[in-house]
Amino acid sequence: MTAQASPPAGDAPAPFDGKAFVRDLTPAPGVYRMYGADGQVLYIGKALSLKKRVGSYFLKELPSRRIALMVAQIARIEVTVTRTESEALILENQLIKSLRPRYNVLLRDDKSYPHILLTDETWPKLGYHRGPRAMAGRYFGPYPSSGAVRETLDLMFKLFKLRSCEDSVFRNRSRPCLQHQIGRCSAPCVGLVPTREYDATVRRAVLFLEGRSTELVDELGKAMDEASQRLEFEQAAVLRDQIAGIRKIQARQYVEGEQVEMDVLALAMDQGAACVLLMAFRNGLNQGTRSFFPRPNGAESPEEVLGAFVAQYYLEQRPPREIVLSHAIADEALLQEVFSAQAGRKVELKSSVRGERARYLEIARQNAALALATEAASSASQRARLLSLQEMLGLGEPPARIECFDISHTMGEATVASCVVFDGEGPVRGQYRRYNITGIEPGDDYAAMHQALERRFRRGVEEGVLPDLLLIDGGAGQLAQARAVLDELGVQGVAMVGVAKGEARRAGHEALVLPDGRELRPGAASPGLQLVQQVRDEAHRFAITGHRGKRQKTRETSRLEDIPGIGPRRRASLLKHFGGLAGLKAAGAEEIARVEGVNDALAQRIYAALHGLEAQSPRNEA
């Protein structure tokens, strides 16, 4: 159920009458959204009673100047009624994430979090995962860094010997791989481990990843005794080694002798900026730290900023059993209830701790302050470079959005264009784009640039998202293509600069080509040129990475098409059977010959072509 109040139509809208709106508002729990006159969301909040919470904004005394400024801008309010306050909390954070209101504390982080994935299939695979959870299976994490994930995986493979290979490789192995030979895989691909035994190992690996090491050791000890009584001494030795490995891990680091699953969060604030440092413990092991820099958007209370971070972060990530906080936050009981329901077990939030936890919290506080100071220095440097660029190019104000385009190909093959985006804080990687260029003369960089720019700006005009400064990797010719595209689409107000390589391609000697034909050579010491170089180099890196991937895929596909006797139908059959080209390359000639429609001679030709060998005719045996 949604309700709203809008100002009456007219030449000059009347001020929003908050008291009149609240008079008829429901006392039920829900979420409220405050909008400004321009239609932008000012603030999103939740309430146990909408009537009481929204009404508190229209009292004579407001808690802060920030709230007073926000209330003065309200043009309308919309509310959504929920059944419980827990539902309101979840909806509030979903809306904050999608609408990013002007006055809410926002968790600013464009990186996905690394996890460990245990796939849901007959022979489950254990591996590193980052990004959307599209694959069926169990996800463990998030971990504070890729290094923490890889270290944990290294331990898991040594202890439990689960497979890590891709399905296309797994299905087509004829003998154990190197991972089995070095004792890190039980080789289920070739049947060296029974299904029942592998499933038991998977269940034990889950216990370990869930932090139930003590329970796991007890189970392994019991299984070892039973194996010994059955005189299965080899199996008992394997279990003994697993127990010894887990005991060794348990002895490396612990918190008050417990195998804990805990996050320690410390907040540092200074001059309107904030840093939350997360220190993660799993199985009692310190898995390292990660720094976050939420946008306070005027919030001055550490409790408010940390509370917003905790809600936004842990409603997206599975919370640990224990969360230790540097500041007491509002809605602690509500958050514990929601997190516990989400995790399927009890989750505790603590802000008053002693002993080892207090020591770790103090370490986290010190590191949060250090990370905030480092970020502030970096932000000041970025601001100085933007101001230098503004002055150098004669812009009215520092560019809030910079885009740079680059073209990459090899002798006209697999042409790819890249577009990278920078704002006042650095790269905005979630908005990078690549364009596969088609329908042009191979090697025609001007036509490639024209096509990429036309595609980008045609959509930009429709969506209303345009850069303040457009950088083109190239000289006057490439810049002319940019000018032509923007003229065709009627785009105005976008400054354009071509970045031409300096003599001997030396960094710092670049020439900045302006639309009127002038060239600027600010020199290596110029902060503005250093920013241009950073953006240009990132566009080049992003373009060449995409080009190499496309070129490799094109070459491998064409290599299969060039084999005599392989038409579209057989090619599709082969790729389907082996799960792609990687699986086909990993297969031997004997496995390839098992595909319907492929005889021994053709299988030999396929194998030879994919491995750069001369095809041999199969020998006839008497």
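Four short exercises on this predicted model follow, each with a worked solution.

Residues are numbered from 1 along each chain as its sequence is written. Because the model is predicted, local features need pLDDT of at least 70 and side-chain atom pairs count only at pLDDT 80 or more, while totals for chains, interfaces and linings use all residues; side-chain values use heavy atoms, with hydrogens and water left out.

**Exercise 1. A small sheet**

Find the strand order of the open sheet that contains β5, and name its edge strands.

*Solution.* Strands are DSSP runs of E, at least two residues long, numbered from the N terminus. Two strands pair if DSSP finds at least two bridges between them.
- Step 1: Take β5 (residues 114–119) and β6. Five bridges join them, and they run antiparallel.
- Step 2: Check one bridge. I116 has Y128 in β6 as its partner.
- Step 3: Read the order. The three strands run β6-β5-β7, with antiparallel pairing.
- Step 4: Find the edges. β6 and β7 (137–140) each pair on one side only.

**Exercise 2. One residue in β6**

Is H129 buried or exposed, and which residues does H129 contact beyond four places in sequence?

*Solution.* Buried means under 20% relative accessible area, exposed over 50%, partly exposed in between (1.4 Å probe, protein chains only).
- Step 1: Place the residue. H129 lies in strand β6 (residues 126–130).
- Step 2: Apply the cut-off. H129 has 13% relative accessibility, so it counts as buried.
- Step 3: List the contacts (heavy atoms within 4.5 Å). They are Y113, P114, H115, L117 and Y139, leaving aside neighbours within four places.

**Exercise 3. A hairpin**

Describe how β8 and β9 are joined.

*Solution.*
- Step 1: Count bridges. Nine join β8 (residues 262–270) to β9, and the strands run antiparallel.
- Step 2: Look at the turn. Two residues lie between the strands, and Q271 takes a positive phi near 50°.
- Step 3: Find a facing pair. D270 stands opposite A273 in β9.
- Step 4: Check burial. In β9 (residues 273–282), nine of the ten residues are buried.

**Exercise 4. The two faces of α17**

Which residues of α17 are buried, and why do they share a side?

*Solution.* Helices are DSSP runs of H or I, at least four residues long.
- Step 1: List the buried residues. In α17 (residues 568–578) they are R571, L574 and F578.
- Step 2: Use the arc, taken from the directions from the helix axis to the C-beta atoms. These residues cover only 65° around the axis, which puts them on the same side of α17.
- Step 3: Turn to the face away from the buried side. That face carries the exposed residues P568, R569 and K576.
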